[in-house]
Amino acid sequence: MATRSKSTLHIRCGQDIEQALQEAGMEGDFLDFSDPYCQGPVRGIAHADFLVERSAFIASAYGIDPAEVTARQSRRYEALRHAHDYDTITLWFEHDHFDQLILAYVLNHFADLSSLPEIDLVCVDDYPVLPRFTGLGQLGPSDLKAVWEKRVRVTQDHIRLGKEVWCALTMATPNMLATIAHAGTPAVPPMAGAIDRHLDELPSSRHGLGLTETLSLRILAEKGVISAGAMFSQLMLRYEPRPYLGDLMYWHELDRLVRGGAVEVVTAGKSSAQNMLQLTELGERILMTEEDWLDYMPEPRFVGGVEIAPGKPHWRRFPKGNIKLVE
C-alpha cells in the first residue's frame with residue numbers, strides 16, 4: 001500500500017487502476033484487496049483459520065510461493081483492519097462476481113465497526129469501451145474521473161447487504177445466497193446478477209460441469225486444437241457473460257479438466273498459455289450429457305462455502321436457476 005496521504009483510502013480488488021487514479025489527480029493511499037473468493041473454499045470459520053485456508057488454496061491453485069502468499073494476505077487484511085483510520089474511503093468495484101464478493105466482504109468488515117469514516121462506492125456495471133467492458137482496468141484517467149463523479153455514499157443499507165451476502169456465501173448450503181439473488185439487491189444493483197453468476201459454478205443438473213467448465217469445453221468443441229491463451233481470450237471476449245477470471249485463475253480451471261480427462265494437452269508449451277489443448281472423447285461425451293463430470297472430477301472443489309465432492313451428496317443447478325441437493 002502506498003503512503004501518500006492519511007485523508008483518503010482507495011480500495012480496489014487489484015492494482016489495475018492505481019496509476020490511472022494518480023494521473024487523474026485523485027490523492028490518497030491505495031489498497032489492493034484482492035482475495036479471489038470466487039474460487040476455492042470460503043467457509044465460515046475462525047478468521048485465523050480462514051486466512052490459513054485461503055492462503056493455502058491460492059498458493060496451490062496458482063503456483064505461487066506459500067510464504068509470499070501468506071505475507072501478502074497478512075498485509076492486505078491488516079491494512080483493511082486499519083481502513084477506518086482514514087477520513088474518507090472510496091471503494092472501486094465492477095459488476096462481476098470476483099469484484100462483488102470482495103465488495104461484500106469489505107462491507108461486512110465495516111459492519112463490525114462502531115464508527116465509520118465517509119465511504120463512497122464506485123460500482124460500474126458497464127462502460128462504452130471496445131470490444132466490451134470487462135473491468136475498470138480498461139478505463140483511463142478521464143474515464144475513472146467520470147465514473148467517480150457518479151459515486152454513491154455508502155449507507156447502512158449497503159453495509160447490511162454486505163453482511164447478509166457474506167454470511168450466505170460462507171454457508172455450506174447455497175439456499176440463502178440464491179434467495180438473495182432472486183430477491184434482488186437494490187443497494188448494490190449489480191450484486192444480484194453477480195451472485196447468480198457465482199451460483200452457475202455449481203454443477204449443472206445436465207452434466208455436472210460448472211459454467212466456466214462448460215464454456216471451456218464448448219470452446220474446444222468449436223475450435224478444435226487451440227492454445228490455452230487463445231481459449232482465455234475467447235472466453236473473455238465472446239463466451240463469458242460476466243468476465244471475472246485472471247489468467248492464473250483460468251489455468252487452475254483448465255488443469256482440473258485436464259487431470260479429470262475431459263481435456264488433453266496436445267503439445268506442452270513453455271508456459272501455461274502456450275499449451276495446445278483439445279477436447280477428449282470423454283469431454284465430448286460429458287458436453288453431450290452422456291457422462292457426468294462429477295464421476296471424473298479429480299478432487300473436491302468449493303463454490304464459496306459449498307463443497308462439491310465426488311461420491312457425496314452435492315448441490316446441482318437446474319434449468320431456470322433452481323438449486324437442489326442430489327444424493
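Two strands count as paired when DSSP finds at least two bridges between them. Keep that in mind as we walk through this predicted model.

**Stop 1: a small sheet**

Select residues 276-279, which are strand β9, and colour them brightly. Now add β7 (226-227) and β8 (263-267), the edge strands, each of which pairs on one side only. Together they make an open sheet of three strands in the order β7-β9-β8, with antiparallel pairing. Zoom in on β7 and β9, which are joined over two bridges. Which residue of β9 is the bridge partner of S227? Pick M276 and you have found that partner.

Next, show residues 211-223. This is helix α9, which lies across β7, β8 and β9 and runs at about 95° to β9.

**Stop 2: two crossing helices**

Hide the sheet and select α4 (97-111) together with α6 (156-169). Their axes come within 7 Å and cross at roughly 115°, and the crossing is left-handed. To see the contact, turn on side chains for L101, A104, Y105, L107, N108, F110 and A111 on the α4 face. On α6, do likewise for H158, I159, G162, K163, V165, W166 and L169. Colouring by class gives 10 nonpolar, three polar and one charged residues in this contact.

**Stop 3: the enclosed space**

Stay with α6 for a moment. Searching the whole structure turns up one cavity of 30 Å³ or more, and the largest cavity holds about 50 Å³ of space. Select A168, L169, M171, T173, P174, L177, H198, L199, L202, V303 and V306 to display its lining. L169 also belongs to the α6 side of the contact with α4. At least two of the lining residues come from α6, and at least two from α8 (190-199). How does the lining of this cavity divide by class? There are nine nonpolar and two polar residues, and no charged ones.

**Stop 4: the largest pocket**

For the last stop, centre the view on C13, F98, L245, G246 and M249, which are the closest to the centre of the largest pocket among its 32 lining residues. The volume here is about 590 Å³. To frame the pocket, show α2 (47-62), α3 (66-81), α4, α10 (228-239) and α11 (247-259), the elements that give two or more residues to its lining. Which of the elements gives the most? That is α11, with three residues. Colour the lining by class to finish: 15 residues are nonpolar, eight polar and nine charged.

Terms used
Residues numbered from 1 in each chain as written. Predicted model: local features only at pLDDT ≥ 70, side-chain atom pairs only at ≥ 80, totals over all residues. Heavy atoms only, no water. Axes fitted to C-alpha atoms, helices over the stretch in contact; angles between N-to-C directions. Helix = DSSP H or I, 4+ residues; strand = E, 2+ residues; numbered from the N terminus. Left-handed = near helix turned anticlockwise from the far one by under 90°. Contact = heavy atoms within 4.5 Å. Nonpolar A, V, L, I, M, F, W, Y, C, P; charged D, E, K, R; others polar. 1 Å grid on protein atoms, 1.4 Å probe; cavity = no way out; pocket = protein on both sides within 12 Å on 5 of 7 lines; lining within 4 Å. Points joined across faces, edges and corners; volume = space filled by probe spheres on them.
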